[in-house]
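Dear colleague,

I am passing on the structure we spoke about, and below it you will find my notes on what came out of the analysis. Please read them with the model open beside you.

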Amino acid sequence: VKDAFKFFINQRYNAPSMLLAKFVDDIMRSKELGEDEIEDSLQKVMVLFRFIQGKDVFEAFYKRYMAKRLLVGKSANQDSENSMISKLKAECGGCFTSRLEGMVKDMTISQGIQSAFRQYLNHQQSVNDGTSLSIDMVVNILTSSYWPTYPSYDVNLPPEMATYQNTFQTYYMQNHSGRKLLWQPNLGYCILKASFATCNKELQLSLFQATVMLLFNNATSLSYQEIRDAINLEDGELKRTLQSLACGKIRVLHKNPRGKEVKEIDVFDVNDDFTDKLFRVKINQVQMKETAEEAQA
């Protein structure tokens, strides 16, 4: 029976590994499950895991999902994350989980660095007549060899964010000489306070979405070309960003002419009539087309 089940479950190439990794991600994000229920589910996952042949594929997808959970703070609890890593380590060895353990370590170290940086800012504020940075920002320091590979973007951040970034970089390099920081704005997210004609909302946005929206503090309408010149974001990512803001179910921008696709002739303005039953509204980014691994699965 075991041989038959192993043959059956591996018929769809990468699909079992990908789907099992996604199932674990759903468990780890769940707010309804208690710690004991999560642990019970993880035990059952490991039963299936032993049958799949594409364990390296599982590790790749699991690392991607886990990275996003950690970076956006959506993990149910750290004990469950550690428990799953321990199970994988017992099953496949330390080499299999070394990068996963490194990711968890990075997040712990980042919390300490962020705490020390806040103390540094408070001291700077006290010696500069109470002058402080106008936003609150959290920076995570990631070791590139542990984390998935992400594309790098050199975008023009809003002045407040750029000031914070430069201040943090100066502080970090003073305390960690010889290291190099490569900023990944595509991994960031923001909470923006937005005032519309009929309501005030908090918008949970990606950093790219927030950068676009902040341009409208100083303009009633902007063309696609003006937005591109202002933030220096490559066309593919910019079109997906504008599409999420102006063409999805939640539309905080108007696009003229109307349509589901963003074109370089389009002009955008704020949707002053926007309303939603929730006070904090999350606007999801438009995802890129499926990867080659997912298509092959």
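What covers the buried residues of H9? Before answering, I should say that this is a predicted model, and that every value below is computed from it.

The cover over the buried residues of H9 includes helix H8 (207-215) and helix H10 (235-246), together with strand E3 (221-223) and strand E5 (267-270). The residues in question, within helix H9 (residues 224-231), are Tyr224, Ile227, Arg228 and Ile231. They lie on the same side of H9, because the arc they cover around the axis is only 100°. As a general point, an α-helix has 3.6 residues a turn, so residues three or four places apart point the same way. Just after H9 comes Asn232, which takes a positive phi of about 60°.

One of these buried residues also appears in the largest nonpolar core, which has 34 residues and in which Val212, Ile227, Leu242, Val252 and Leu253 are those with the most contacts. Strand E1 (189-195), strand E2 (200-206), H8, H9 and H10 each supply at least two residues of this core, and the largest share, five residues, comes from H8. Because domain 2 (106-182) and domain 3 (188-295) both give residues to this core, it lies between them.

To take Leu242 as an example, and leaving aside its neighbours within four places in sequence, this residue is in contact with Val212, Tyr224, Ile227, Cys247, Leu253, Val262 and Phe268. A second, separate core of 32 residues includes Ile38, Val45, Ile85 and Trp147.

On the strands, E1, E2 and E6 form an open sheet in the order E1-E2-E6, with mixed pairing. E1 and strand E6 (280-282) are the edge strands, each of them pairing on one side only, and the twist from one strand to the next averages 30°. E1 and E2 run antiparallel and are joined by seven bridges, and Leu192 stands opposite Leu203 in E2.

Finally, for the overall layout, the domain assignment of the chain gives domain 1 (1-92), domain 2 (106-182) and domain 3 (188-295), and the C-alpha centres of domain 1 and domain 3 lie 33 Å apart.

With best wishes

Definitions and conventions:
Residues numbered from 1 in each chain as written. Predicted model: local features only at pLDDT ≥ 70, side-chain atom pairs only at ≥ 80, totals over all residues. Heavy atoms only, no water. Domains from an automatic or database assignment. Buried < 20%, exposed > 50% of the residue type's maximum accessible area, 1.4 Å probe, protein only. Helix = DSSP H or I, 4+ residues; strand = E, 2+ residues; numbered from the N terminus. Arc of directions from axis to C-beta. Contact = heavy atoms within 4.5 Å. Core = buried A, V, L, I, M, F, W, Y, C linked by side-chain atoms within 4.5 Å. Pairing = 2+ DSSP bridges. Axes fitted to C-alpha atoms, helices over the stretch in contact; angles between N-to-C directions.
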